[in-house]
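Colleague: Hi! Could you walk me through this one? I'd like to hear about the strands and whatever holds them together.

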Amino acid sequence: QVQLVESGGGLVQAGGSLRLSCAASERTFRTYGMGWFRQAPGKEREFVAAISWSGSNTYYADSVKGRFTISRDNAKNTVYLQMNSLKPEDTAVYYCAADNSGSYYYAEIDLSKYDFWGQGTQVTVSS
């Protein structure tokens, strides 16, 4: 059972930046595809970004493309989400997730494919 702990959320003004981190409890993290998802009040959880276990391929929702960057450090069992040019509509609880059937080149964007989830971190962007 992989435990995931997110950090780095907070309150920021529109146009600002935040970097989220997600630390995994196991070294097998390096073979997991990783994803970031978010859920705003009254809305369904949605895909934000994903990265293959090698880090060679990344995927982004259209709404964050060009503003957010997902990366990973397998030596530290950590995945990151750098968020720039934040907008009020980015306000949500952000979750990281691990897919234990991930591949070297591919990562899932479907949240139902993810096996382990963190507890979430709140990101609030003020206008």
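**Strands and a disulfide**

Modeller: Happy to. Let's start with strand β2 (residues 10-13), which pairs with β11 in the parallel sense over four bridges. Bear in mind that this is a predicted model.

Colleague: Which residue stands opposite L11 in β11?

Modeller: That would be T124.

Colleague: And how many bridges join β9 to β11?

Modeller: Three, and β9 and β11 run antiparallel. In that pairing, V93 stands opposite Q122 of β11.

Colleague: Nice. Where do the side chains of β11 point?

Modeller: They alternate along the strand, which spans residues 121-126. T121, V123 and V125 point to one face and are buried, whereas Q122, T124 and S126 point to the other face and are not buried. In a regular strand, side chains alternate between the two faces of the sheet.

Colleague: Changing topic: how many disulfides are there in the whole structure?

Modeller: The search finds one. It is formed by C22 and C96, with their sulfur atoms 1.9 Å apart.

Colleague: Which strands hold those two cysteines?

Modeller: C22 sits in strand β3 (residues 18-24) and C96 in strand β9 (residues 92-99). The two are 74 residues apart, so the pair links distant parts of the chain.

Colleague: Is the disulfide right-handed or left-handed?

Modeller: Right-handed, because the torsion about the S-S bond of C22 and C96 is about 45 degrees.

Colleague: Are C22 and C96 buried or exposed?

Modeller: C22 is buried, as its relative accessible area is 0%. C96 also counts as buried, at 0% relative accessibility. The cut-off for buried is under 20%.

Colleague: Back to β3, then. What is the strand order in the open sheet of four strands?

Modeller: The order is β1-β3-β8-β7, with antiparallel pairing.

Colleague: Which strands stand at the edges?

Modeller: β1 (4-7) and β7 (68-73). Each has a single partner strand, so one side of each is left without a neighbour in the sheet.

Colleague: What does the twist average from one strand to the next?

Modeller: In that sheet, the twist averages 15 degrees.

Colleague: One last thing: how many bridges does β7 make with β8?

Modeller: Six, in the antiparallel sense, with β8 covering residues 78-83. As an example from this pairing, the bridge partner of S71 in β8 is Y80.

Colleague: Great, thanks for the tour!

Technical notes:
Residues numbered from 1 in each chain as written. Predicted model: local features only at pLDDT ≥ 70, side-chain atom pairs only at ≥ 80, totals over all residues. Heavy atoms only, no water. Pairing = 2+ DSSP bridges. Axes fitted to C-alpha atoms, helices over the stretch in contact; angles between N-to-C directions. Disulfide = S-S within 2.5 Å. Buried < 20%, exposed > 50% of the residue type's maximum accessible area, 1.4 Å probe, protein only.
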